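Trainee: Hi! Could you walk me through this one? I'd like to get a feel for how to read a fold.

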Amino acid sequence: MSFSAYQQGLKAYRQSNTYAGVECADPHHLIEMLLNGVSEHMAKARMGMRMRDTVMKCSSIDKSIAILDALRSSLDFDNGLEIAKNLDELYDYIQRTIIDAKLNNDEKAMESVADLINTIRQAWVSIPTDQRKQF
């Protein structure tokens, strides 16, 4: 992961104001935190849709997209070509779905992509500690 990608991720996560220890995170933990952050903001967006709170919905979706941008920019295509390519396509799909859901107040679409993020997060945290330095 490049320093620039870390900076983008840190900025997006600081703006969400959900965790103070970002500066101390190792690369693996930072990705976990970003996945947690996008999940939290997607939940807030769904809540905004239910409550008809356009500001909450739009703000949360914008933060979700910013964090997804940071996750996409952190992908290492040189060392993990197939996995990186698949994740990039999945993050792109999630972003497009979020944007469409934002325009159409489609809470079910948001829930569907939130499930995808949760699956990615579960896979990420299940990586054995001794193999995490490879990422």
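Trainee: What pattern does the chain follow, read along the sequence?
Mentor: Reading along the sequence, you get α-α-α-α-α. Keep in mind as we go that this is a predicted model.

Trainee: And how many helices and strands does the chain have?
Mentor: There are 5 helices and 0 strands.

Trainee: What share of the residues counts as buried?
Mentor: The chain has 135 residues, and 36% of them count as buried. Its accessible surface comes to about 7,900 Å², with 51% of that belonging to carbon and sulfur atoms.

Trainee: Let's go inside. How many residues are in the largest nonpolar core?
Mentor: That core has 27 residues, and Y91 and I98 are the ones with the most contacts inside it. Helices α2, α3, α4 and α5 each supply at least two of its residues.

Trainee: Which helix gives the most to this core?
Mentor: That would be α2, with 8 residues.

Trainee: You mentioned I98. What is I98 in contact with, leaving aside its neighbours within four places in sequence?
Mentor: Its partners are M42, I61, S64, I65, L68, M110 and V113. I98 is also one of the buried residues of α4, along with A84, Y91, I94, Q95, T97 and A101. The buried residues of α4 pack against α2, α3 and α5.

Trainee: How far apart are the end C-alpha atoms of α4?
Mentor: They are 34 Å apart, and this agrees with expectation because 24 residues at 1.5 Å a residue should span 34 Å. Just after α4, N105 takes a positive phi of about 50°.

Trainee: T97 caught my eye. Is T97 buried or exposed?
Mentor: T97 is buried, because its relative accessible area is 14% and the cut-off for buried is under 20%. This residue is found in α4, which covers residues 81-104.

Trainee: Which backbone oxygen lies 2.8 Å from a polar atom of the T97 side chain?
Mentor: The one belonging to Y93. Not counting residues up to four places away in sequence, T97 touches A109 and V113.

Trainee: Those two make me curious about α5. Which residues of α5 are buried?
Mentor: A109 and V113 are both on the list, together with M110, A114, I117, I120 and W124. Seen down the axis of α5, the buried residues fall within an arc of 135°, so they line one face of the helix.

Trainee: Nice! What do the buried residues of α5 pack against?
Mentor: They pack against α2 (27-51), α3 (54-73) and α4. As for its dimensions, α5 runs over residues 107-125 and reaches 27 Å from its first C-alpha to its last, close to the 27 Å expected.

Trainee: Which residue caps the N-terminal end of α5?
Mentor: D106 does that job: one of its side-chain oxygens lies 3.2 Å from the backbone nitrogen of K108.

Trainee: One last spot: V38. Where does V38 lie?
Mentor: V38 lies in helix α2. It counts as buried because its relative accessibility is 0%.

Trainee: And what does V38 touch, not counting residues up to four places away in sequence?
Mentor: S64, I67, L68 and I117. Take I67: it is 29 residues from V38 in sequence, and their C-alpha atoms are 6.1 Å apart in space.

Trainee: What about the whole chain: among contacts between residues at least 6 apart in sequence, what share joins residues at least 24 apart?
Mentor: For those contacts, the share is 58%.

Methods
Residues are numbered from 1 along each chain as its sequence is written. This is a predicted model: local features need pLDDT of at least 70, side-chain atom pairs count only at pLDDT 80 or more; totals for chains, interfaces and linings use all residues. Side-chain values use heavy atoms; hydrogens and water are left out. Helices (H or I, at least four residues) and strands (E, at least two) are DSSP runs, numbered from the N terminus. Buried means under 20% relative accessible area, exposed over 50%, partly exposed in between (1.4 Å probe, protein chains only). A polar contact is a pair of N or O atoms within 3.5 Å; within protein, one must be able to donate a hydrogen and the other to accept it, and residues adjacent in sequence count only if both atoms are side-chain atoms. Contact means heavy atoms within 4.5 Å. The expected span of a helix is 1.5 Å times one less than its number of residues. The arc is that of the directions from the helix axis to the C-beta atoms. Accessible areas come from the Shrake-Rupley method with a 1.4 Å probe; for residues, only the protein chains shown count as cover. A nonpolar core is a set of buried Ala, Val, Leu, Ile, Met, Phe, Trp, Tyr and Cys residues joined through side-chain atoms within 4.5 Å.
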